[in-house]
Amino acid sequence: MATKKKTDQDLQLDKDQLKASIVRHLRSTLGTSEQKASPEAWWKATAAAVNEQVYERLTRTQQTHFKKDTRAIHYLSAEFLMGRLTSNNLHNLSLYKVCEEALGELGLELTDLCEQEPDMALGNGGLGRLAACFIDSLATLNYPAVGYGIHYEHGLFRQEIQDGRQIERPDSWREYGNPWEICRPESVQEIPLYGYVETVFGDNGGLKKVWHAGRKIKGVPWDIPVVGFGGHTVNILRLWESRASEFFDWDVFNAGGYIDSQAEKAQAETISKVLYPNDETDAGKELRLIQQYFFCACSIKDIMRRYKRAHGSNFDNFAAQIAIQLNDTHPTVAIPELMRVLVDEEDLNWDTAWGICYRVFSYTNHTLLPEALEKWSVSLFEKVLPRHLEIIYEINARFLDELVEPKWPGNDAIKAKLSIIEEGDVRKVRMGNLCVIGSSKVNGVAEIHSKLVKEDLFPEYAELWPQKMCNVTNGVTPRRWLLACNPELAELYNEVVGKEWPLQLDKLRAVTKFADDQAFQQQFMRIKRHNKEKLVKVIKAETGIDVSAEAIFDVQIKRLHEYKRQQLNLIHIMALYRRLLANPDYDMHPRVFIFGSKAAPGYKLAKDIIYAINKLAERVNNDARIQGKLKVVFMPNYRVSLAEKLIPAADVSEQISTAGYEASGTGNMKMALNGAITIGTLDGANIEIAEEAGTENCAIFGLNVDEVKALKARGYNPYDFYYANSELKAVLDWFDTDYFTPGRPGELSAIKRSLLEGGDPYLTLADFAAYSDAHKLIDTWYRDPALWARKAIINSATMGKFNSDRSIQDYVDKIWSLQSCNVG
Ligand code: Z15
């Protein structure tokens, strides 16, 4: 019998089928019944029912990609901050409404079930969330793509606040199982580490290097299906988990070494145990280098296996078939690893291997902060990866001789600067330099950032390879960050511009014609109001604080870092509080300042700032004198699922980094898309947001990049601003008192010290007055409801550029040259 191929239509479930499937899974997969099932079991049964759809499409996608033998992008990232997948997968499969109805008939609320899912927090912040948006867009645009990363047992720590201070607790996202991942034992890899390199005679009489590993680790792949919007393509995110190798020392074991062998097992499993919680700081630890090598080596082997299945050992097509993107320097070691595989294992000569290698790789830079640019000590490298160090030396020697010497003859200063090896007391391998040398393209993540990468970070490389440097401005997926998180606004947009906007976000521009339409303004602001009321309940439940949805919701949500300047927000709130205490009639619309932020556990000052925010909140929120005009809320445990509740409720988006330090920002895009007005510096993507929305619809303030550089060159002295501004002085002096920490003066003094004696490296005091003025502007705008609504609408309607589909299309056009591949 001829089997008819199933089409998308055939796959589409109706309500009754889905309902039956959920109940069937509740019984046969979860082993329970409608009467006894917990909400968690219902959630898992729902996921299992959805997975029937997902797997069908996954198989079709994989068969199509195999048959068409298409070029594919391999996105290597130490972090994928996926958040929850249930509502996202339902939306992308066009099953959300159907599922809501099916569960409704079972007496269940879909939004409640979604709350059962733990966040998949396998990332720190922007970089990891960007990777998650990118794989969503790749699948949506039907590009063959694989995400490769680490299957951390513990994602980013859970933050508790005790007496105002951050406490880190382990995150156990899969303690009770995760319905979205599939273990693939058939694709296990074995990874060598440590040991030594031997030089032997090869078959062709030449010399050959053999790496004798000191130990071997098993890499077990877990696949997370990545469902594109529309449900055509389902790609995979492949995450590697480390295990003790089967390659097992039985002699030791039999000689009574059972305990030793257990210790070795524990060590092997440590590799993927926990995500390093440092955002934009290099830990420099041995385990982190091993983590990086572990997932890169597993991924390269996986890529090789798939390539050889189609092409055997002929590598002529390798660079045409394979593109690898390095998400920051974390996966850099993939470059020497590919060279090692091609030269040592596949017996290619160096030049042929290098010709393939650099064409395959591209590198995205996400920061200019020197403390984030990874360097590994040569001695550590030599111990863990002896053969890779040799390969890096060879790459470096050839680069310096063949490219640098001819261009800058005899210029040792430039050689020292461009060398992969940093000389000094401790010799170091500079991963950024290796990335630039080993990649065909290098991109920054917003226009201004890419310009600074070219002009300030890598000027000589840009001179050597002017074509190598480019820009791809970041983006966010409008499916998660509008359709799913803000259903009422999504529905309003469906009504006014049609249903194409989740794929073509530019379509929202048509909404600008209603920016002055009174009825539309009211609908728009009613939705914002409703989102705020929902958040009011969350705030009460999480913190016990009462806030009013009447107030302006002013939101700063991002990792805690001095350059992001939560301390600027903090001292401005203190200034407002002082004004209100001095004059209870001080004219301002009630304001709620909301923070969400984790600090790296070892970042003392960042933790002190969290403490200060919480102590300020306690004082302000309980001070009857200010008549509820000011509230401060620190939301504990900021994460993707909390962002999905905060962003639709934000009136004001705080994007206040020192100009030149925030590479792009992506929260700025999400909040503007949901109708918040940005108070921000001319930094990162803020510049492009203001360009799209119009500067008059943002509150831009403070020093720009050139002014920051000029002030630093002149010699910035924070005391100049301290003594010249009596309000600023009074606020800073407040930190030395016990006003916010009764009976314990000095607990907050470190913040003041960092801003004065510490030299205020991020120019907080220099921007204070301009920031305060920008807030006054925000206040006047808000008190004119029609003016505010107009600005909010225009912001939301003009964010089309920041669709991550556009970012991905830019990568395809400028870097990857992929063909989209129709599935089914
Ligand atoms: C990180 O989240 C970012 C840069 C980094 O170098 C590291 Cl290690 C982590 C962020 C940038 O700070 C942010 O501006 C940018 O939007 C984001 O990466 C995605 O590109």
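Select Asn-474 and the ligand together: a polar atom in the side chain of Asn-474 sits 2.8 Å from an oxygen atom of the ligand. Keep in mind throughout that this is a predicted model.

Add Glu-280 to the selection. One of the polar atoms in the side chain of Glu-280 is 2.3 Å from an oxygen atom of the ligand. Then add Asp-279, where an N or O atom of the side chain is 3.2 Å from a ligand oxygen. How much of the ligand does the protein bury? Taken alone, the ligand exposes 460 Å², and the protein buries 96% of that.

Now show every residue around the ligand. There are 16 of them, and those that come nearest are Glu-280, His-366, Asn-474, Glu-662 and Gly-665. Colour this shell by class and you should find five nonpolar, seven polar and four charged residues.

**The six-stranded sheet**

Switch to a cartoon view and find the open sheet of six strands, which has the order β22-β21-β20-β23-β24-β25 and parallel pairing. Which strands form its edges? They are β22 (630-635) and β25 (699-700), and each of these pairs on one side only.

Next, select residues 652-655, which are strand β23, and residues 677-680, which are strand β24. These two strands run parallel and are joined by four bridges. To see a pair of bridge partners, pick Glu-654 and then Ile-679 in β24.

**Asn-686**

Move to residues 686-693, which make up helix α27, and select Asn-686 there. Is Asn-686 buried or exposed? Its relative accessibility is 5%, so Asn-686 counts as buried, the cut-off being under 20%. Leaving out residues up to four places away in sequence, Asn-686 touches Gln-655, Ser-664, Asn-668, Gly-680 and Thr-681. Two residues in that list take you back to the sheet: Gln-655 is in the range of β23, and Gly-680 is in the range of β24.

**Asp-608**

Select helix α24, residues 604-621, and within it Asp-608. Asp-608 has a relative accessibility of 8% and therefore counts as buried. Show its contacts beyond four places in sequence: they are Arg-165, Ala-750 and Ile-751.

**The three-stranded sheet**

Now look for an open sheet of three strands, with the order β15-β17-β16 and antiparallel pairing. The edge strands here are β15 (375-377) and β16 (421-422), each of which pairs on one side only. Select β16 together with residues 428-430, which form strand β17. The two pair in the antiparallel sense over two bridges. For one pair of partners, pick Glu-422 and find Lys-428 in β17.

**Thr-70**

The last stop is in a loop. Select Thr-70, which lies between α3 (39-68) and β1 (72-76). Why is Thr-70 classed as partly exposed? Its relative accessibility is 21%, and partly exposed covers values between 20% and 50%, so Thr-70 counts as partly exposed.

Show what Thr-70 touches, again without residues up to four places away in sequence: His-65, Pro-144, Gln-321 and Cys-821. To finish, draw a distance from the C-alpha of Thr-70 to the C-alpha of Arg-430. The two residues are 34 Å apart in space and 360 residues apart in sequence.

Terms used. Residues are numbered from 1 along each chain as its sequence is written. This is a predicted model: local features need pLDDT of at least 70, side-chain atom pairs count only at pLDDT 80 or more; totals for chains, interfaces and linings use all residues. Side-chain values use heavy atoms; hydrogens and water are left out. A residue is near a molecule or strand if one of its heavy atoms lies within 4 Å of it. A polar contact is a pair of N or O atoms within 3.5 Å; within protein, one must be able to donate a hydrogen and the other to accept it, and residues adjacent in sequence count only if both atoms are side-chain atoms. Accessible areas come from the Shrake-Rupley method with a 1.4 Å probe; for residues, only the protein chains shown count as cover. Ala, Val, Leu, Ile, Met, Phe, Trp, Tyr, Cys and Pro count as nonpolar, Asp, Glu, Lys and Arg as charged, and the others, Gly among them, as polar. Two strands pair if DSSP finds at least two bridges between them. Buried means under 20% relative accessible area, exposed over 50%, partly exposed in between (1.4 Å probe, protein chains only). Contact means heavy atoms within 4.5 Å.
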